Amino acid sequence: MLSPERLALPDYEYLAQRHVLTYMEDAVCQLLENKEDISQYGIARFFTEYFNSVCQGTHILFREFSFIQATPHNRASFLRAFWRCFRTVGKNGDLLTMREYHCLLQLLCPDFPLELTQKAARIVLMDDAMDCLMSFSDFLFAFQIQFCYSEFLESVAAIYQDLLAGKNPNTVIVPTSSSGQHRQRPTLGEASMLEGVEASLFYQCLENLCDRHKYSCPPPALVKEVLSNVQRLTFYGFLVALSKHHGINQALGALPDKGDLMHDPAMDEELERLLVQIPGLVNSATANPEASCLPSRTPPRVGSPWRPLHHARKMDAESDGSTEETDESET
(Lines give C-alpha, C1' and ligand atoms only; values in the text may rest on other atoms or scores of the structure.)
Protein backbone atom coordinates (compact mmCIF):
# COMPACT_ATOMS: atom_id res chain seq x y z
CA MET A 1 0.00 0.00 0.00
CA LEU A 2 1.35 3.42 -0.95
CA SER A 3 1.95 5.94 1.82
CA PRO A 4 -0.08 9.21 1.94
CA GLU A 5 3.16 11.10 1.23
CA ARG A 6 3.72 9.06 -1.92
CA LEU A 7 0.15 9.60 -3.15
CA ALA A 8 0.36 13.37 -2.57
CA LEU A 9 3.48 13.90 -4.71
CA PRO A 10 4.01 13.56 -8.45
CA ASP A 11 6.37 10.75 -9.43
CA TYR A 12 9.30 13.01 -10.34
CA GLU A 13 9.05 14.95 -7.06
CA TYR A 14 8.88 11.79 -4.99
CA LEU A 15 11.91 10.29 -6.77
CA ALA A 16 13.86 13.51 -6.29
CA GLN A 17 12.89 13.76 -2.62
CA ARG A 18 14.07 10.20 -1.99
CA HIS A 19 17.24 10.68 -4.08
CA VAL A 20 16.47 7.57 -6.09
CA LEU A 21 18.63 8.76 -8.99
CA THR A 22 21.65 9.01 -6.66
CA TYR A 23 21.27 5.37 -5.67
CA MET A 24 20.60 4.21 -9.23
CA GLU A 25 23.78 5.91 -10.44
CA ASP A 26 25.80 4.41 -7.61
CA ALA A 27 24.37 0.93 -8.23
CA VAL A 28 25.17 1.12 -11.95
CA CYS A 29 28.75 2.27 -11.19
CA GLN A 30 29.26 -0.68 -8.87
CA LEU A 31 27.74 -2.99 -11.45
CA LEU A 32 30.14 -1.82 -14.14
CA GLU A 33 33.16 -1.97 -11.85
CA ASN A 34 32.40 -5.55 -10.80
CA LYS A 35 30.56 -6.94 -13.81
CA GLU A 36 32.70 -10.10 -13.92
CA ASP A 37 31.89 -11.04 -10.34
CA ILE A 38 28.25 -9.99 -10.59
CA SER A 39 27.69 -12.01 -13.77
CA GLN A 40 28.10 -15.18 -11.71
CA TYR A 41 24.89 -14.65 -9.76
CA GLY A 42 22.92 -12.23 -11.95
CA ILE A 43 22.12 -8.56 -12.28
CA ALA A 44 18.66 -8.87 -10.75
CA ARG A 45 20.10 -10.33 -7.54
CA PHE A 46 22.72 -7.56 -7.41
CA PHE A 47 20.11 -4.78 -7.59
CA THR A 48 17.96 -6.58 -5.02
CA GLU A 49 20.84 -6.82 -2.56
CA TYR A 50 21.97 -3.27 -3.26
CA PHE A 51 18.61 -1.67 -2.50
CA ASN A 52 18.06 -3.96 0.48
CA SER A 53 21.30 -2.60 1.89
CA VAL A 54 20.09 0.97 1.22
CA CYS A 55 16.88 0.26 3.14
CA GLN A 56 18.82 -1.34 6.01
CA GLY A 57 21.35 1.50 6.12
CA THR A 58 24.42 -0.72 5.65
CA HIS A 59 25.21 0.65 2.17
CA ILE A 60 27.36 3.45 3.63
CA LEU A 61 29.85 1.25 5.45
CA PHE A 62 33.46 1.80 4.31
CA ARG A 63 32.34 4.13 1.53
CA GLU A 64 33.92 7.43 0.52
CA PHE A 65 32.80 10.61 2.29
CA SER A 66 31.31 12.14 -0.86
CA PHE A 67 28.80 9.27 -0.97
CA ILE A 68 28.12 9.26 2.76
CA GLN A 69 27.08 12.91 2.76
CA ALA A 70 25.21 12.72 -0.57
CA THR A 71 21.71 12.25 0.90
CA PRO A 72 19.98 12.76 4.28
CA HIS A 73 19.33 9.00 4.41
CA ASN A 74 23.03 8.29 3.95
CA ARG A 75 23.94 10.69 6.74
CA ALA A 76 21.38 9.19 9.11
CA SER A 77 22.56 5.68 8.21
CA PHE A 78 26.19 6.58 8.88
CA LEU A 79 25.30 8.22 12.18
CA ARG A 80 23.33 5.15 13.22
CA ALA A 81 26.16 2.83 12.18
CA PHE A 82 28.68 4.88 14.19
CA TRP A 83 26.47 4.68 17.28
CA ARG A 84 25.81 0.96 16.95
CA CYS A 85 29.45 0.04 16.29
CA PHE A 86 31.04 2.11 19.05
CA ARG A 87 28.38 2.52 21.74
CA THR A 88 30.51 0.21 23.91
CA VAL A 89 32.78 3.25 24.38
CA GLY A 90 29.93 4.97 26.19
CA LYS A 91 28.78 1.77 27.88
CA ASN A 92 32.18 1.38 29.50
CA GLY A 93 32.29 5.05 30.49
CA ASP A 94 35.40 5.74 28.43
CA LEU A 95 36.33 9.35 27.65
CA LEU A 96 38.10 10.05 24.36
CA THR A 97 39.75 13.02 22.69
CA MET A 98 38.62 14.59 19.45
CA ARG A 99 41.33 12.79 17.47
CA GLU A 100 40.39 9.44 18.96
CA TYR A 101 36.76 9.93 17.93
CA HIS A 102 38.03 10.90 14.50
CA CYS A 103 39.93 7.60 14.28
CA LEU A 104 36.69 5.75 15.04
CA LEU A 105 34.92 7.67 12.28
CA GLN A 106 37.69 6.77 9.86
CA LEU A 107 37.20 3.08 10.61
CA LEU A 108 33.81 3.43 8.90
CA CYS A 109 34.82 6.10 6.35
CA PRO A 110 38.60 6.24 5.67
CA ASP A 111 38.52 9.75 4.16
CA PHE A 112 36.22 11.32 6.76
CA PRO A 113 37.34 14.98 7.06
CA LEU A 114 39.03 16.06 10.29
CA GLU A 115 37.42 19.51 10.06
CA LEU A 116 33.94 18.08 10.57
CA THR A 117 35.07 16.18 13.66
CA GLN A 118 36.69 19.33 15.03
CA LYS A 119 33.48 21.33 14.57
CA ALA A 120 31.49 18.68 16.42
CA ALA A 121 34.02 18.62 19.25
CA ARG A 122 33.88 22.42 19.52
CA ILE A 123 30.15 22.19 20.33
CA VAL A 124 31.03 20.04 23.36
CA LEU A 125 34.26 21.70 24.45
CA MET A 126 33.31 25.32 23.76
CA ASP A 127 36.31 27.32 25.07
CA ASP A 128 38.22 24.29 26.35
CA ALA A 129 41.27 22.94 24.54
CA MET A 130 40.60 20.56 21.68
CA ASP A 131 42.56 17.77 23.35
CA CYS A 132 40.16 17.57 26.30
CA LEU A 133 38.26 14.33 26.91
CA MET A 134 34.62 13.91 25.95
CA SER A 135 31.98 11.32 26.77
CA PHE A 136 30.57 9.26 23.94
CA SER A 137 27.02 10.58 24.34
CA ASP A 138 28.11 14.24 24.39
CA PHE A 139 30.20 13.83 21.27
CA LEU A 140 27.58 11.72 19.48
CA PHE A 141 24.71 14.20 19.83
CA ALA A 142 26.96 17.14 18.93
CA PHE A 143 28.24 15.21 15.93
CA GLN A 144 24.66 14.47 14.87
CA ILE A 145 23.82 18.18 14.65
CA GLN A 146 27.05 19.13 12.88
CA PHE A 147 26.96 16.23 10.41
CA CYS A 148 23.27 16.22 9.48
CA TYR A 149 22.89 20.01 9.32
CA SER A 150 26.40 21.00 8.18
CA GLU A 151 25.37 23.20 5.20
CA PHE A 152 22.59 24.81 7.21
CA LEU A 153 24.98 25.61 10.08
CA GLU A 154 27.42 27.28 7.71
CA SER A 155 24.64 29.67 6.68
CA VAL A 156 23.66 30.16 10.33
CA ALA A 157 27.26 31.09 11.19
CA ALA A 158 27.28 33.74 8.44
CA ILE A 159 23.98 35.18 9.69
CA TYR A 160 25.29 35.27 13.25
CA GLN A 161 28.40 37.16 12.20
CA ASP A 162 26.30 39.67 10.27
CA LEU A 163 24.14 40.29 13.33
CA LEU A 164 27.22 40.79 15.48
CA ALA A 165 28.48 43.33 12.95
CA GLY A 166 25.21 45.26 13.27
CA LYS A 167 23.80 44.18 9.89
CA ASN A 168 20.44 42.58 9.32
CA PRO A 169 20.89 39.69 6.87
CA ASN A 170 17.27 40.08 5.75
CA THR A 171 17.90 43.65 4.59
CA VAL A 172 19.06 44.32 1.03
CA ILE A 173 21.79 46.99 1.09
CA VAL A 174 22.44 48.99 -2.08
CA PRO A 175 26.06 50.22 -2.11
CA THR A 176 26.67 53.88 -2.98
CA SER A 177 29.77 55.94 -3.65
CA SER A 178 29.45 57.55 -0.21
CA SER A 179 29.35 54.28 1.68
CA GLY A 180 33.06 54.06 2.19
CA GLN A 181 32.94 52.71 5.71
CA HIS A 182 33.46 48.99 5.75
CA ARG A 183 33.25 47.08 8.99
CA GLN A 184 35.24 43.89 9.15
CA ARG A 185 33.25 40.85 10.20
CA PRO A 186 34.39 39.32 13.47
CA THR A 187 35.62 35.78 13.08
CA LEU A 188 33.62 32.99 14.66
CA GLY A 189 36.26 32.67 17.36
CA GLU A 190 35.85 36.34 18.23
CA ALA A 191 32.09 36.00 18.04
CA SER A 192 32.10 33.34 20.73
CA MET A 193 33.78 35.81 23.11
CA LEU A 194 30.97 38.37 22.75
CA GLU A 195 27.63 38.48 24.49
CA GLY A 196 25.79 37.03 21.54
CA VAL A 197 22.83 38.30 19.58
CA GLU A 198 19.19 39.00 20.28
CA ALA A 199 17.29 35.71 20.10
CA SER A 200 14.11 37.10 18.52
CA LEU A 201 16.00 38.78 15.65
CA PHE A 202 18.14 35.68 15.24
CA TYR A 203 14.99 33.56 14.89
CA GLN A 204 13.53 35.85 12.22
CA CYS A 205 16.64 35.35 10.12
CA LEU A 206 16.69 31.60 10.68
CA GLU A 207 12.99 31.27 9.85
CA ASN A 208 13.62 32.78 6.42
CA LEU A 209 16.68 30.57 6.02
CA CYS A 210 14.70 27.40 6.76
CA ASP A 211 12.09 28.35 4.16
CA ARG A 212 14.60 28.69 1.36
CA HIS A 213 17.31 26.23 2.37
CA LYS A 214 17.66 23.30 -0.02
CA TYR A 215 19.57 21.17 2.47
CA SER A 216 18.33 19.57 5.66
CA CYS A 217 17.55 21.92 8.50
CA PRO A 218 15.82 21.62 11.90
CA PRO A 219 12.03 22.05 11.95
CA PRO A 220 11.35 25.80 12.30
CA ALA A 221 8.92 25.20 15.18
CA LEU A 222 11.67 23.50 17.19
CA VAL A 223 14.16 26.25 16.36
CA LYS A 224 11.63 28.78 17.65
CA GLU A 225 11.19 26.72 20.81
CA VAL A 226 14.97 26.72 21.41
CA LEU A 227 15.28 30.48 20.90
CA SER A 228 12.15 31.43 22.83
CA ASN A 229 13.74 30.36 26.11
CA VAL A 230 16.49 33.01 26.05
CA GLN A 231 16.84 36.69 25.28
CA ARG A 232 20.36 36.54 23.87
CA LEU A 233 22.65 33.69 22.89
CA THR A 234 25.95 32.91 21.22
CA PHE A 235 26.45 30.78 18.12
CA TYR A 236 27.84 27.82 20.03
CA GLY A 237 25.19 28.25 22.70
CA PHE A 238 22.64 27.77 19.92
CA LEU A 239 24.41 24.61 18.70
CA VAL A 240 24.56 23.18 22.21
CA ALA A 241 20.83 23.79 22.61
CA LEU A 242 20.13 22.01 19.31
CA SER A 243 22.28 19.03 20.26
CA LYS A 244 20.45 18.59 23.57
CA HIS A 245 16.93 19.10 22.21
CA HIS A 246 14.82 15.95 22.46
CA GLY A 247 12.48 16.98 19.65
CA ILE A 248 15.27 17.61 17.15
CA ASN A 249 16.76 14.21 17.90
CA GLN A 250 13.36 12.65 17.22
CA ALA A 251 12.94 14.65 14.01
CA LEU A 252 16.25 13.32 12.67
CA GLY A 253 15.26 9.78 13.64
CA ALA A 254 18.78 8.33 13.56
CA LEU A 255 19.53 7.95 17.28
CA PRO A 256 17.49 6.77 20.26
CA ASP A 257 16.83 8.99 23.25
CA LYS A 258 19.84 9.62 25.46
CA GLY A 259 18.50 7.28 28.12
CA ASP A 260 18.38 4.39 25.64
CA LEU A 261 21.68 5.17 23.94
CA MET A 262 23.55 2.20 25.39
CA HIS A 263 20.82 -0.37 24.76
CA ASP A 264 20.64 -2.17 21.42
CA PRO A 265 19.73 -5.87 21.84
CA ALA A 266 19.38 -6.41 18.09
CA MET A 267 22.92 -5.15 17.48
CA ASP A 268 24.31 -7.30 20.31
CA GLU A 269 22.80 -10.37 18.70
CA GLU A 270 24.10 -9.37 15.27
CA LEU A 271 27.62 -8.77 16.60
CA GLU A 272 27.68 -12.21 18.20
CA ARG A 273 26.60 -13.77 14.92
CA LEU A 274 29.27 -11.90 12.95
CA LEU A 275 32.06 -12.59 15.44
CA VAL A 276 31.47 -16.31 15.02
CA GLN A 277 32.17 -15.91 11.30
CA ILE A 278 35.54 -14.15 11.82
CA PRO A 279 38.45 -16.60 12.25
CA GLY A 280 40.64 -16.00 15.28
CA LEU A 281 38.18 -13.78 17.16
CA VAL A 282 35.79 -16.39 18.50
CA ASN A 283 37.82 -17.31 21.59
CA SER A 284 38.67 -13.72 22.51
CA ALA A 285 35.07 -12.58 21.98
CA THR A 286 33.83 -15.35 24.25
CA ALA A 287 36.34 -14.45 26.95
CA ASN A 288 35.60 -10.72 26.82
CA PRO A 289 32.57 -9.85 24.65
CA GLU A 290 32.56 -6.11 25.43
CA ALA A 291 36.23 -5.64 24.66
CA SER A 292 35.75 -7.33 21.30
CA CYS A 293 33.47 -4.50 20.19
CA LEU A 294 36.22 -1.91 20.61
CA PRO A 295 38.79 -1.37 17.85
CA SER A 296 42.35 -2.09 18.91
CA ARG A 297 45.28 0.16 18.08
CA THR A 298 46.59 -2.44 15.60
CA PRO A 299 43.51 -4.37 14.46
CA PRO A 300 43.95 -7.57 12.45
CA ARG A 301 43.21 -7.03 8.78
CA VAL A 302 40.18 -9.25 8.37
CA GLY A 303 37.75 -9.10 5.47
CA SER A 304 34.49 -7.61 6.71
CA PRO A 305 31.20 -9.24 5.66
CA TRP A 306 29.77 -5.70 5.36
CA ARG A 307 32.42 -4.44 2.98
CA PRO A 308 30.86 -3.14 -0.26
CA LEU A 309 31.54 -5.31 -3.27
CA HIS A 310 33.21 -2.57 -5.32
CA HIS A 311 35.80 -1.97 -2.58
CA ALA A 312 36.95 -5.58 -2.28
CA ARG A 313 39.77 -5.50 -4.78
CA LYS A 314 40.83 -1.94 -3.97
CA MET A 315 41.16 -2.52 -0.22
CA ASP A 316 43.02 -5.80 -0.67
CA ALA A 317 45.47 -4.16 -3.07
CA GLU A 318 46.10 -1.26 -0.69
CA SER A 319 46.14 -3.16 2.59
CA ASP A 320 49.82 -2.59 3.33
CA GLY A 321 49.66 1.14 2.56
CA SER A 322 46.55 1.76 4.65
CA THR A 323 48.22 0.33 7.75
CA GLU A 324 51.08 2.79 7.38
CA GLU A 325 48.67 5.70 7.00
CA THR A 326 46.88 4.72 10.23
CA ASP A 327 50.14 4.58 12.12
CA GLU A 328 51.17 8.01 10.83
CA SER A 329 47.84 9.59 11.83
CA GLU A 330 48.24 8.37 15.39
CA THR A 331 51.67 9.89 15.76
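**Reading a pocket, a helix and two cysteines**

Me: The second largest pocket is lined by 22 residues, and Gln-17, Arg-18, His-19, Pro-72 and His-73 lie nearest its centre. What counts as a pocket?

Reply: Rolling a water-sized probe over the atoms shows where empty space is left. On a 1 Å grid over the protein atoms alone, a pocket is an open set of points where a 1.4 Å probe fits, with protein on both sides within 12 Å along at least five of seven lines; lining residues have an atom within 4 Å of a point. This model is predicted: local features need pLDDT of at least 70, side-chain atom pairs 80 or more, while totals for chains, interfaces and linings use all residues. Residues are numbered from 1 along each chain, and side-chain values use heavy atoms, without hydrogens or water.

Me: What is the volume of the second largest pocket?

Reply: About 640 Å³. That is the space filled by probe spheres set on the points, joined across faces, edges and corners.

Me: Which helix gives the largest share of its lining?

Reply: Helices are DSSP runs (H or I, at least four residues), numbered from the N terminus. Here α7 gives six residues. α3 (20–33), α5 (43–56), α7 (72–91) and α16 (246–252) each supply at least two.

Me: Is Gln-30 buried or exposed?

Reply: Buried means under 20% relative accessible area, exposed over 50%, partly exposed in between (1.4 Å probe, protein chains only). Gln-30 sits in α3. Its value is 6%, so Gln-30 is buried. Cys-148 is buried at 8%; Cys-132 is partly exposed at 28%.

Me: How many disulfides are found?

Reply: A disulfide is a covalent bond between two cysteine sulfurs. The test is a pair of sulfur atoms within 2.5 Å. The whole structure has zero.
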